[in-house]
Amino acid sequence: MKIKSLSHAGITVNNLEKAARWYWEVFRLPLVALGDMSSAEIAAMKTLYQLEDCSVRFGMLLCPKGGAIEIFEFSETAESEHKWNSPGVTHFTLDVKNVSG
């Protein structure tokens, strides 16, 4: 298996607008998508997020040469054993080739 590139990274932030502005001012990464997860989408992700009755906003920042950074803002940001709603990197994905399976 060979890694071709980093597809995207996911980062939870305290304030989506401030984070998007910072990534633009420091790295010139444009915010190319912005949205809110629906209640149904959040409910479907309950096992992953381990949260209920919250709101989730997200944005996609475009990196040069095709990579991206997803930024997430949760209405509940209390510390917990499960870190999806705590500020910081939550995940990253790679583009790979020659995956045997």
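This passage describes a predicted model of a protein, beginning with its overall architecture and ending with single residues in its loops and strands.

The protein has 101 residues, of which 33% count as buried. Its secondary structure consists of 3 helices and 5 strands, and these elements follow the pattern β-α-β-α-α-β-β-β along the sequence. Among contacts between residues at least 6 apart in sequence, 63% join residues at least 24 apart. The mean pLDDT of the protein is 84, and 89% of the residues reach 70 or more. Confidence varies between elements: the highest mean pLDDT, 96, belongs to helix α1, and the lowest, 74, to helix α3, which covers residues 46–49.

Helix α1 runs from residue 16 to residue 27. With a rise of 1.5 Å a residue, its 12 residues should span 16 Å, and the C-alpha atoms at the two ends are indeed 16 Å apart, so the expected and modelled lengths agree. The N-terminal end of the helix is capped by N15, which places a side-chain oxygen 3.1 Å from the backbone nitrogen of E17.

The residues of α1 differ in their exposure. L16, A19, A20 and Y23 are buried. These residues cover an arc of only 100° around the helix axis and therefore lie on the same side of α1. An α-helix has 3.6 residues a turn, so residues three or four places apart point the same way. The buried residues of α1 pack against four strands, β1 (2–12), β2, β3 and β4. On the other side of the helix, K18 and E25 are exposed.

Helix α1 also holds aromatic residues. The structure contains 3 aromatic pairs. One of them joins W22 and F27, whose rings are 5.5 Å apart from centre to centre, with 80° between their planes. This pair is classed as edge-to-face because its angle is over 60 degrees. W22 has a relative accessibility of 42% and so counts as partly exposed. F27, at 48% relative accessibility, also counts as partly exposed. Ring pairs link W22, Y23 and F27 into a cluster. Y23 is thus a member of this cluster and is also one of the buried residues of α1.

Two residues are notable for their backbone angles. Most residues other than glycine have a negative phi. R28, which follows α1, has a positive phi near 60°. This residue is found in the loop between α1 and β2, the latter comprising residues 31–36. K65 likewise has a positive phi, near 65°, and is not a glycine. K65 lies in the loop between β3 (56–62) and β4 (68–74). Its relative accessible area is 89%, so K65 counts as exposed.

The loop between β3 and β4 also contains G67. In contrast to K65, which is exposed, G67 has a relative accessibility of 12% and therefore counts as buried. Leaving out residues up to four places away in sequence, G67 touches L6, S7, L61 and L62. The C-alpha atom of G67 lies 9.8 Å from that of L94, although the two residues are 27 residues apart in sequence.

Strand β4 contains E73. At 16% relative accessibility, E73 falls under the 20% cut-off and so counts as buried. The side chain of E73 reaches the backbone nitrogen of L16 at a distance of 2.6 Å. L16 is itself one of the buried residues of α1. When neighbours within four places in sequence are set aside, E73 is in contact with V13, N14, N15, L16, E17, S55, V56 and R57. This list includes N15 and E17, the two residues that take part in the cap of α1.

A further loop, between α3 and β3, contains D53. With a relative accessible area of 77%, D53 is over the 50% cut-off and so counts as exposed. D53 and S39 are 14 residues apart in sequence, and their C-alpha atoms are 8.2 Å apart in space.

Technical notes: Residues are numbered from 1 along each chain as its sequence is written. Side-chain values use heavy atoms; hydrogens and water are left out. Rings of Phe, Tyr and Trp (its six-membered ring) pair if their centres lie within 6.5 Å; planes under 30 degrees apart count as stacked, over 60 as edge-to-face and the rest as tilted. Buried means under 20% relative accessible area, exposed over 50%, partly exposed in between (1.4 Å probe, protein chains only). pLDDT is the predictor's confidence in each residue, from 0 to 100. The expected span of a helix is 1.5 Å times one less than its number of residues. The arc is that of the directions from the helix axis to the C-beta atoms. Contact means heavy atoms within 4.5 Å. A polar contact is a pair of N or O atoms within 3.5 Å; within protein, one must be able to donate a hydrogen and the other to accept it, and residues adjacent in sequence count only if both atoms are side-chain atoms.
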